[in-house]
Amino acid sequence: MGSIERVRVLVVGDSGVGKTSLTSLLAQGTSLPSPGWTVGCSVEVKLHQYLEGTQQQREFFVELWDVGGSHSQRNTRHVFFHTVHGIILVHDLANRKSCLNLGRWLAEVTRAESGSQKFSLAEAGGAWEGGNISGTDIGEVSMPLLVVGTKADVANGSKLPLHARRSDIAEEMGTEEIHLNCNDRSSIAAGSSAATKLTRFFDKVIERQFYAKERRGSVSNNVMMGQDRRRADKSPLYMDNFFVPNQGL
C-alpha cells in the first residue's frame, strides 16, 4: 500500500469562536465542551475519502491547522500561512464582530501566502488597520474557501441578534457556508447539508492540489484535438474525394 497524500487547510478566525472544537469535531468526531486557548497552532488530521462512492475514490489526509486568533499572536502566526491548500473561515454566530473580521483574516492569510518570503510584519498588521475589509478589497482568491458559523445553539438560545443569513464574505467570495453546534455530532451527520458541503470543500482542496493540472491538460488536449479536426476538415488532403479537377471545359 502506497503512502497517503495530504493537504493542508488553515482554520482561522477570532479568538474564542470555537476553532479548536470545530477541528476536533471534523477530525475525530468528538466534541470539546471546554477547549483550551490555542497558542501558536494546533493540528488535527482527518482521513477523507476523495470522490467517495465513485471509481475515483481515494484516501487523503487533511491537516486542519487551527491557528491561534489572539491579537498577541498577530506578528508571529504568519509562519503558519505558507503552503496552504484551502481555508476555513470561522465566526461565532452570536458575535457579529467575529463575522465582520473574516475579511481581515482572509486578507492576512492571502497576503502572507502570496508574498512568500517577501511578507513582512507590517503587512500582517495592515489587514487589521482601518475599516472593515470586503471581498472586493481582497480580490480573487485561488484556493477553495469555506465559511463556518459556530455556536448555533448559543445564538438560538440567547437574546443576542442571530445573523442567520449568509455572511458578507461568503456572498462576496461566492463560497459556501455552514452553521454548526460543535458540541453536537449530529451537526455533521452523514447526509446532512453541512456534511455535504464539507465533503465538497475537501474534494475541491484535494482536486486543486493533485488533479488540477491533469484536468487542465485534458481540457487543453480536447481543445487542440478539436482545432486539429477543424483544420483537417478544411485541408485539401481531406477534400480530395469531393474535388472535381478542371477538365479543360
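The following dialogue discusses how to read several features of this predicted model.

User: Before the fold is discussed, what pLDDT does the chain average?

Analyst: As a general point, where pLDDT is low, the predicted coordinates should not be read in detail. In this model the chain averages a pLDDT of 81, and 73% of the residues score at least 70. Over residues 116–122, however, the pLDDT is below 50, and this stretch has nine contacts in the model beyond near neighbours in sequence. The pLDDT also stays under 50 over residues 229–249, for which the model has three contacts beyond four places in sequence.

User: In what order do the strands of the sheet lie?

Analyst: In general, strands of a sheet pair through backbone hydrogen bonds, either parallel or antiparallel. Here six strands make an open sheet with mixed pairing, and the order is β2-β3-β1-β4-β5-β6. The edges are formed by β2 (41–50) and β6 (176–179), each of which pairs on one side only. On average, neighbouring strands of this sheet are turned by 25 degrees against each other, direction ignored.

User: Which pairs of strands are parallel or antiparallel, and over how many bridges?

Analyst: The pairing of β2 with β3 is antiparallel and extends over ten bridges; within β2, Glu44 stands opposite Leu64 in β3. By contrast, β1 and β3 pair in the parallel sense over six bridges, and Arg6 stands opposite Phe61 in β3. Strand β1 (residues 6–12) also runs parallel to β4 (residues 86–92), to which four bridges join it. Val12 stands opposite Leu89 in β4.

User: How many residues of β3 are buried?

Analyst: A residue counts as buried when its relative accessible area is under 20%. Seven of the ten residues of β3 meet this condition, so the strand is largely enclosed by the rest of the structure.

User: Across which strands does helix α1 lie?

Analyst: Helix α1 (residues 19–28) lies across β1, β2, β3 (58–67), β4 and β5 (145–150), and runs at about 35 degrees to β2. One way to follow the packing is through Leu26, which is in contact with Lys46, Leu64, Ile88, Ile188, Leu198 and Phe202, its neighbours within four places in sequence being left aside.

User: Which residues of the largest nonpolar core touch the most other members?

Analyst: The largest nonpolar core has 27 residues, and Leu22, Leu26, Leu64 and Ile88 touch the most other members. Two or more residues of this core are given by each of β1, α1, β3, β4, β5 and α8 (193–234). Helix α8 supplies the largest share, seven residues. A second core, separate from this one, has 23 residues, including Leu10, Leu102, Val147 and Ala170.

User: Which loops hold Leu51 and Thr83, and what is the phi of each residue?

Analyst: Leu51 is found in the loop between β2 and β3, and its phi is near 50 degrees, a positive value in a residue other than glycine. Thr83 lies in the loop between β3 and β4; its phi is near 55 degrees, likewise a positive value in a residue other than glycine.

User: Is Thr83 buried or exposed, and how accessible is Leu51?

Analyst: With a relative accessible area of 53%, Thr83 is exposed, because that value is over 50%. Leu51 has a relative accessible area of 23% and is partly exposed.

Notes: Residues numbered from 1 in each chain as written. Predicted model: local features only at pLDDT ≥ 70, side-chain atom pairs only at ≥ 80, totals over all residues. Heavy atoms only, no water. Pairing = 2+ DSSP bridges. Axes fitted to C-alpha atoms, helices over the stretch in contact; angles between N-to-C directions. Contact = heavy atoms within 4.5 Å. pLDDT = per-residue confidence, 0-100. Buried < 20%, exposed > 50% of the residue type's maximum accessible area, 1.4 Å probe, protein only. Core = buried A, V, L, I, M, F, W, Y, C linked by side-chain atoms within 4.5 Å.
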